[in-house]
Amino acid sequence: MNLQKQQRLVIDALEDAKAQDIKVFNTTGLTGLFDRVIIASGTSNRQTRAIARHVAEQARKHGLEIIAYEGEDTGEWLLIDLGDIVVHCMQPAIRAYYNLEEIWGAKPVRVRLLPTGPAQASEPDDFAAGQ
């Protein structure tokens, strides 16, 4: 499966599980280990665990190998390493503290997201910068 399809699979799984504030970053020029970092938030330990489990289930269902799955014990920050994509499911306070967007955020990827509220019901959210 190519990178774009993997990225869409992860984003769809995050949206299915009601993840919030989904951000996608192109890390190709920053590291040779992976090509995308996807960061999303959940409102509680239970939700971040559910989000990460859903992403992992969908990845397995579509034949993607899960190289690492970390953080299940606390549920504050879960990491799913899919090889080309690393997914971080975090609670907002942990996300703000570690500020991964500052580390990986040099190249946001433009993706279509589901509307997040009634004011945005007619248009999906988009990131401002391109790939």
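Here is a short chat about two helices, H1 and H2, in a predicted model.

Student: How far apart are the end C-alpha atoms of helix H1?
Tutor: Let's start with what to expect. Helix H1 covers residues 3-16, which is 14 residues, and at 1.5 Å a residue they should span 20 Å. The model agrees with this, because the end C-alpha atoms of H1 are apart by 20 Å.

Student: Which residue caps the N-terminal end of H1?
Tutor: Look for a side-chain oxygen that lies 3.0 Å from the backbone nitrogen of glutamine 4. The residue that carries this oxygen is asparagine 2.

Student: What residue with a positive phi follows H1?
Tutor: Good one, so go to the other end of the helix and check phi there. The value is near 65 degrees, and the residue is lysine 18.

Student: Are H1 and H2 parallel or oblique to each other?
Tutor: Two packed helices are described by the angle between their axes and the distance between the axes. Here the axes of H1 and H2 come within 9 Å and cross at roughly 140 degrees. That crossing makes the arrangement of H1 to H2 oblique.

Student: Which residues of H2 do Leu9, Val10, Ala13, Leu14 and Asp16 in H1 meet?
Tutor: Leu9, Val10, Ala13 and Leu14 are among the buried residues of H1, and what covers those buried residues includes H2. On the H2 side, the residues met by this H1 group are Ile51, His54, Val55, Gln58 and Ala59.

Student: Which strands do the buried residues of H2 pack against?
Tutor: The buried residues of H2 include Ala52 and Ala56. Besides H1, the buried residues of H2 pack against strands S2, S3, S4 and S5.

Conventions
Residues numbered from 1 in each chain as written. Predicted model: local features only at pLDDT ≥ 70, side-chain atom pairs only at ≥ 80, totals over all residues. Heavy atoms only, no water. Helix = DSSP H or I, 4+ residues; strand = E, 2+ residues; numbered from the N terminus. Expected span 1.5 Å × (residues − 1). Buried < 20%, exposed > 50% of the residue type's maximum accessible area, 1.4 Å probe, protein only. Contact = heavy atoms within 4.5 Å. Polar contact = N/O pair within 3.5 Å; in protein donor to acceptor, adjacent residues only side chain to side chain. Axes fitted to C-alpha atoms, helices over the stretch in contact; angles between N-to-C directions. Parallel < 35°, antiparallel > 145°, perpendicular 65-115°, else oblique.
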